[in-house]
Amino acid sequence: MVVFVIANFVATVGVRMRATAGVSGKSRLRPAEITVLALAWIAVFLIIGGMSIAGVSGAAIYTLVPLTVPLILGGLAWAAINAARKDWRPFGVGLGVAVVGAAGLLAGVVAAWAVDGVGLCVVLLGSAAAIVWRQRRSVVRP
Amino acid sequence: MTDELDPLIHVPTRLKIVATLAALPDGDTLSFTRLQDLLGLTPGNLIIQLRKLEEAGYLSTEKTRNGSAQKTTVALTRQGHKALDAYTQALRDLLGGL
């Protein structure tokens, strides 16, 4: 699993770097924005560590929190970054992901997987539909 | 009907340039060297084509200097996007009956 995650990360970063080589401007993340995303990711581990020290049950710490809190914090961070950029489609995606995470948290350990899975599908399909709608308004389709 | 095809964009090399730049997200620019790599053009040929498109207001170029290195970036202007939209529509109309 760890190998798969690392391989996936390396492949994703490699493909993205190749695809965006020579591109600069609004779509590139600035250092401050990367810091915000990294802090959101680090905060998840701090929360897990804090809950572990506080003696919260293992099911919550190792199942519910990793399933939902990264979506809430990552989604909110992404929404905040895109609100600052006035880029409203990714802002909506970030907010949607955060709402899905919150719904998964409220649904509990057993239902969190289903809520996250269905919720993320809805958010990502909604985002894809928004992109298609925007492209169809233009005659030129990339 | 072919009068509607913008002769400035209709040249294959310039059509490739405009289509490539149109694929960039709003507010983004592409470096001269990357554009050259993507299209397989010589620097001289690319400069000539870019100049023609820039003179027509279809694209903007920006030169930035970082120490001794100079970087040139290019982007399609709103007018360039509109021209490509019009060109594509004219082409669709022209070929629609086939």
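Tutor: Helices (H or I, at least four residues) and strands (E, at least two) are DSSP runs, numbered from the N terminus. This is a predicted model: local features need pLDDT of at least 70, and side-chain atom pairs count only at pLDDT 80 or more. Residues are numbered from 1 along each chain as its sequence is written.

Student: Which helix of chain A holds Asp116(A)?

Tutor: Look at residues 109-137 of chain A. Asp116(A) lies in that run, helix α5.

Student: How far from Asp116(A) is the nearest side chain of opposite charge?

Tutor: Lys and Arg count as positive, Asp and Glu as negative; His and the chain ends are not counted. Asp116(A) is buried (under 20% relative accessible area, 1.4 Å probe, protein chains only). A salt bridge needs a side-chain nitrogen of Lys or Arg within 4 Å of a carboxyl oxygen of Asp or Glu. Asp116(A) has none, and the nearest candidate, Arg89(A), is away by 20 Å.

Student: How many salt bridges cross the interface of chain B and chain A?

Tutor: Contact (heavy atoms within 4.5 Å) joins 17 residues of chain B to 15 residues of chain A. Of the residues on the side of chain B, six are charged (Asp, Glu, Lys or Arg). Yet the number of salt bridges across the interface is zero.

Student: Which element gives the largest share of the side of chain B that touches chain A?

Tutor: Elements of chain B that give two or more residues are β1 (28-31), β3 (69-76) and α5 (78-95). Five residues make up the largest share, and they come from α5(B).

Notes:
Chains lettered and ligands numbered in written order. Heavy atoms only, no water. Buried < 20%, exposed > 50% of the residue type's maximum accessible area, 1.4 Å probe, protein only.
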